[in-house]
Amino acid sequence: MNSVHILFIKLIMWDYRGLAALAAIVEEGSFDRAAAALAISQPAVSHRLRALEEWAGELLVIRSQPPQATPRGQRLIAHFRQVQLLESGIEQESQVHTSLPQLAIAVNADSAATWLLDALAPLLEAPACLIDVRIDDQDETLRHLREGRVVGCITSSGDTVAGTTVEALGTMSYLCVAAPSFVRRWFPTGVTEDAIKAAPALVYNRSDRLHERYLEQAGLPPDVPQHFFPSAEGFVSFIKAGYGYGMVPAIQVRQELEQGTLVALTPAAALSVPLYWHQWNIQTQVTRALRTAIVGTAQRLLA
């Protein structure tokens, strides 16, 4: 048993209030909002955090804007959330719970815009829980899990994380698409190096590397003029309006491609991104249902 586990056991025996304050400060992004979330005063939040740090013997939160948990603080938050989840599972099984458990998951925007709602439907219809979906790039979502912010995440990495399980979901296939009018204007002779250097591309955000990978795969220069539009649905609308070209999931624009409102610039050069589901290895009724819903739906709908 490492020092973090020993410290956490001591803290559980002592008081949950400091742990709740720590988690709220990081989750809410400020001491004031943490106080509102916990229905206590801001000085009380500060006092509980100081008492917790004195108990731990080190700083647990970097006083930045927004506040950031230290590595030890991140691990304590993760353990605190896991214990909360176990407690809610016990309450559900004993049928004495008074509120629905909330599950935070980190997913990429393209999954959220295409198949995720189908996956979550069985959990939402009853409902069995409340869902807190956090959107980030598929290369970044695993960080949320490592920092204890979420129960599970959809990511492009199959790397294992201590205390979690990982399962392959399938492959998200991306096509480089544009409106027919855009193709006529910017790519009249095809996707050439000169055309790529001039045509404005559309990229989700500055951490999105899909377009860069597509160009490298095609042997084209990655340094191209770029728009940014961090919305999966707005992204497609931007391209359909003829303002740029970009990488979109094939399953998201299947109808537009069939109708001809969008055109694949290089239909044979799809970019495949494998996706994985990581989840805390905590077995409760609701976590098992979450895993079944996510993994089952993805493996059915993704290539």
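Which residues have the most contacts inside the largest nonpolar core? They are W115, L169, Y245, L290 and I294, in a core of 51 residues. A second, separate core has 21 residues, and A35, V45, A56 and V61 are among them. The model is a predicted one.

**Q279 and its surroundings**

Q279 sits in strand β11, which spans residues 271–280. Is Q279 buried or exposed? Its relative accessibility is 4%, and buried means under 20%, so Q279 counts as buried. Its side chain makes a polar contact of 2.7 Å with the side chain of W277. The side chain of Q279 also reaches the backbone oxygen of T287, at 3.0 Å. Leaving aside residues up to four places away in sequence, Q279 touches V151, G152, G163, T164, T165, T287, L290 and R291. T287 thus appears twice, as a touching residue and as the backbone partner at 3.0 Å. L290 links this site to the largest core, where L290 is one of the residues with the most contacts.

**Helix α12**

Helix α12 covers residues 232–240. Its buried residues are A232, G234, F235, V236, F238 and I239. What covers them includes helix α6 (109–114) and the strands β6 (164–178), β7 (201–203), β8 (226–228) and β9 (245–249). Just after α12, G242 takes a positive phi of about 85 degrees.

**Cavities**

How many cavities of 30 Å³ or more are there? The count is 2. The table sets them side by side.

| Cavity | Volume | Lining by residue class |
|---|---|---|
| Largest | about 160 Å³ | 10 nonpolar, 4 polar, 4 charged |
| Second largest | about 30 Å³ | 3 nonpolar, 1 polar, 2 charged |

The largest cavity is lined by 18 residues. Those nearest its centre are D110, Y204, D208, L210 and M247. Five elements are named as giving two or more residues to this lining: α6, β7, α11 (210–217), α12 and β9. Strand β9 gives the most, with 3 residues. Of these elements, α6, β7 and β9 also help cover the buried residues of α12.

The second largest cavity is lined by V26, A69, Q74, I77, E147 and R149.

Note on methods. Residues numbered from 1 in each chain as written. Predicted model: local features only at pLDDT ≥ 70, side-chain atom pairs only at ≥ 80, totals over all residues. Heavy atoms only, no water. Core = buried A, V, L, I, M, F, W, Y, C linked by side-chain atoms within 4.5 Å. Buried < 20%, exposed > 50% of the residue type's maximum accessible area, 1.4 Å probe, protein only. Helix = DSSP H or I, 4+ residues; strand = E, 2+ residues; numbered from the N terminus. Polar contact = N/O pair within 3.5 Å; in protein donor to acceptor, adjacent residues only side chain to side chain. Contact = heavy atoms within 4.5 Å. 1 Å grid on protein atoms, 1.4 Å probe; cavity = no way out; pocket = protein on both sides within 12 Å on 5 of 7 lines; lining within 4 Å. Points joined across faces, edges and corners; volume = space filled by probe spheres on them. Nonpolar A, V, L, I, M, F, W, Y, C, P; charged D, E, K, R; others polar.
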